[in-house]
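Here is a short round of questions and answers. Each answer sets a value against its definition.

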Amino acid sequence: LVNSNSNLIKRFFFYFGKKDDIFSFSLPSKWLKIIYQNKIKVNFFKSKIFWISYILYRYFCGVGTFIKLVAKYISNKIDKDYQYNHLISNNYSIFCGFDSNERHTSLIEYHKKLQLKDNIIFAGYGNKIKKDNYLNHNPYEIFLKRLNIFKFIFYFIKFQILIFLNLFCFKWGHALLLDELVLSSLVKASSHKLPNKLYFVWYSNTFKPLWVEELEKKGVDVNLYFNASINNLSESNEELQPIENIGLKIYTWKNYISWNSYLEEILKKKTNFKFNFIKIDFLSLEKYNKSISLLKQKLDNQNYLIVFPYFNPKNHHGIEKLAEYLYRKDNILENFIDDIIYANSNTNFKIVVNKKINLINKEYKKIQKFYENLKDKNITVIEGEIDIFSLINHSVASISLPFTSTALFAEKLKIKSIYYDPLNYVNKKDIFAQGISLISDKENLKKFLDTLNN
């Protein structure tokens with residue numbers, strides 16, 4: 001419920017933005033009373049209906065998961081679908097949530113150096129890649145092999161009894177988490193060979209599933225991989241530091257892996273739990289890239305600046321300081337680009353702006369208009385046809401709006417890299433800068449670009 005993208009946070013914004021609104025949301029009574037005590041008008045009856053409906057929805061999701069897994073077990077679908085049963089019959093490790101191995105070269109090379117002599121399986125959820133070592137199913141379905149079906153059914157019946165008994169105490173935990181509990185019991189009831197290692201890739205909110213907890217209890221090494229960085233701003237008020245939600249996202253994990261050593265410092269400062277941090281070598285993806293000729297053709301071999309404006313597709317409402325910065329001024333992106341154009345007046349480098357793929361389905365129309373207007377300013381917009389590692393590696397310098405991982409990529413590729421803050425708002429000593437220089441006015445930006453000609 002409480003994460004930066006949650007409907008609860010959005011509902012609070014809607015309440016404060018609408019005159020004479022009455023708050024209603026699917027929350028338990030204790031939460032609603034706390035909200036009411038903070039002088040927010042609450043429709044308790046409507047909220048209770050929403051809460052009961054949500055509990056029923058989550059419960060039937062769990063029942064549906066159980067039925068689906070039993071049906072797959074009975075039909076032996078798991079054996080028919082997997083053309084790579086030989087991979088999971090021997091030593092193996094699973095990369096969960098990885099839709100492409102080429103995007104995570106650094107981690108793969110690290111794993112190979114461990115010399116475990118195991119098979120690597122990539123499990124991207126909804127994966128459509130047709131390769132022997134890619135799962136097109138969820139990774140937990142592997143444990144349908146050698147499943148003790150009677151034990152699995154026993155666990156499910158046990159959950160039903162607990163749910164029924166808890167109804168009299170108004171406790172809803174087992175009903176809400178039935179889906180997770182079913183998957184956890186699947187792993188518990190299976191005697192299939194366990195993987196050597198499980199790797200998960202970091203996304204906006206990565207909570208550890210209960211079935212993964214079960215594997216950890218059985219001795220499987222589970223790791224969370226940061227393929228880039230955590231993008232945020234620190235709270236200026238030290239008293240607000242404990243509410244920063246980074247720890248809420250990742251506190252359930254014990255082992256972290258990254259090529260970015262600054263992340264360890266961030267995690268130590270922003271969280272209060274013990275963890276293991278493994279630093280690995282950074283490997284550029286450009287050796288996989290087939291579009292360098294397209295890059296030269298598009299830019300006509302000109303010297304260019306690669307520019308990374310930040311956009312906010314998930315609308316991090318309310319909690320994150322980064323949202324406060326990005327929405328502090330309506331035309332922050334226009335100011336960012338216009339200042340770069342001004343600073344480039346003496347050097348006349350080509351300006352190339354990277355735009356994320358399929359942004360049209362994720363962003364506001366005004367952001368789309370921003371990118372369309374760049375063409376009128378003689379700026380080249382690259383949209384996914386050339387990977388960012390090639391764009392950075394062949395550039396004169398990289399300029400990013402704070403704080404994004406692209407600045408760190410440039411530093412690793414030994415390309416001059418800076419953050420530029422057009423609002424002069426970001427603290428130059430912010431830990432999220434991660435060693436990258438921050439410039440906050442266009443005159444100093446101009447001086448920086450002038451040095452590139454020397």
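Q: What makes up the area that the chain exposes?
A: The chain exposes about 23,400 Å², and carbon and sulfur atoms supply 53% of it. Accessible areas come from the Shrake-Rupley method with a 1.4 Å probe; for residues, only the protein chains shown count as cover. This is a predicted model: local features need pLDDT of at least 70, side-chain atom pairs count only at pLDDT 80 or more, and totals for chains, interfaces and linings use all residues. Residues are numbered from 1 along each chain as its sequence is written, and side-chain values use heavy atoms, with hydrogens and water left out.

Q: How many helices and strands does the chain have?
A: There are 19 helices and 13 strands. Both are DSSP runs numbered from the N terminus: helices are H or I with at least four residues, strands are E with at least two.

Q: Why is Phe 60 called exposed?
A: Its relative accessible area is 53%. Exposed means over 50%, buried under 20%, and partly exposed in between (1.4 Å probe, protein chains only). Phe 60 is therefore exposed. Across the chain, 52% of the 454 residues count as buried.

Q: Why is the pair of Tyr 59 and Phe 60 called edge-to-face?
A: The ring centres are 5.2 Å apart and the planes stand at 75°. Rings of Phe, Tyr and Trp (its six-membered ring) pair if their centres lie within 6.5 Å; planes under 30 degrees apart count as stacked, over 60 as edge-to-face and the rest as tilted. So the pair is edge-to-face. The structure holds 21 aromatic pairs.

Q: What makes Tyr 140 and Trp 211 an edge-to-face pair, and which parts do they tie together?
A: Their centres are 5.7 Å apart and their planes at 70°, so the pair is edge-to-face. Tyr 140 lies in the loop between β3 (134-135) and α7 (149-167), and Trp 211 in helix α10 (residues 210-217), so the pair ties together parts 71 residues apart in sequence. Tyr 140 and Trp 211 are both buried. Along with Phe 200 and Trp 253, they form one aromatic cluster.

Q: How do you know that Lys 188 lies over the face of Tyr 155?
A: Lys 188 is 5.1 Å from the ring centre of Tyr 155. A charge sits over a ring if NZ of Lys or CZ of Arg is within 6 Å of the ring centre and within 35 degrees of the ring normal. Lys 446 also has its charged end over a ring, that of Tyr 342, 5.0 Å from the centre.

Q: What makes helix α9 (residues 178-188) mostly covered?
A: Of its 11 residues, 9 are buried. Among them are Leu 178, Asp 179 and Leu 181. The buried residues of α9 pack against α3 (44-75), α7, α8 (173-176) and α10.

Q: Is Ile 153 buried, partly exposed or exposed?
A: At 32% relative accessibility, Ile 153 counts as partly exposed. Ile 153 sits in helix α7.

Q: What is unusual about the phi of Lys 117, and where is this residue?
A: Lys 117 has a phi near 55°, a positive value in a residue other than glycine. Most residues other than glycine have a negative phi. Lys 117 is in the loop between α6 (105-113) and β2 (119-123). At 79% relative accessibility, Lys 117 counts as exposed.

Q: Which residues does a cis peptide bond join?
A: The bond joins Pro 402 and Phe 403, with omega about -15°. Phe 403 is in the loop between β11 (397-400) and α18 (406-412).

Note on methods. Contact = heavy atoms within 4.5 Å.
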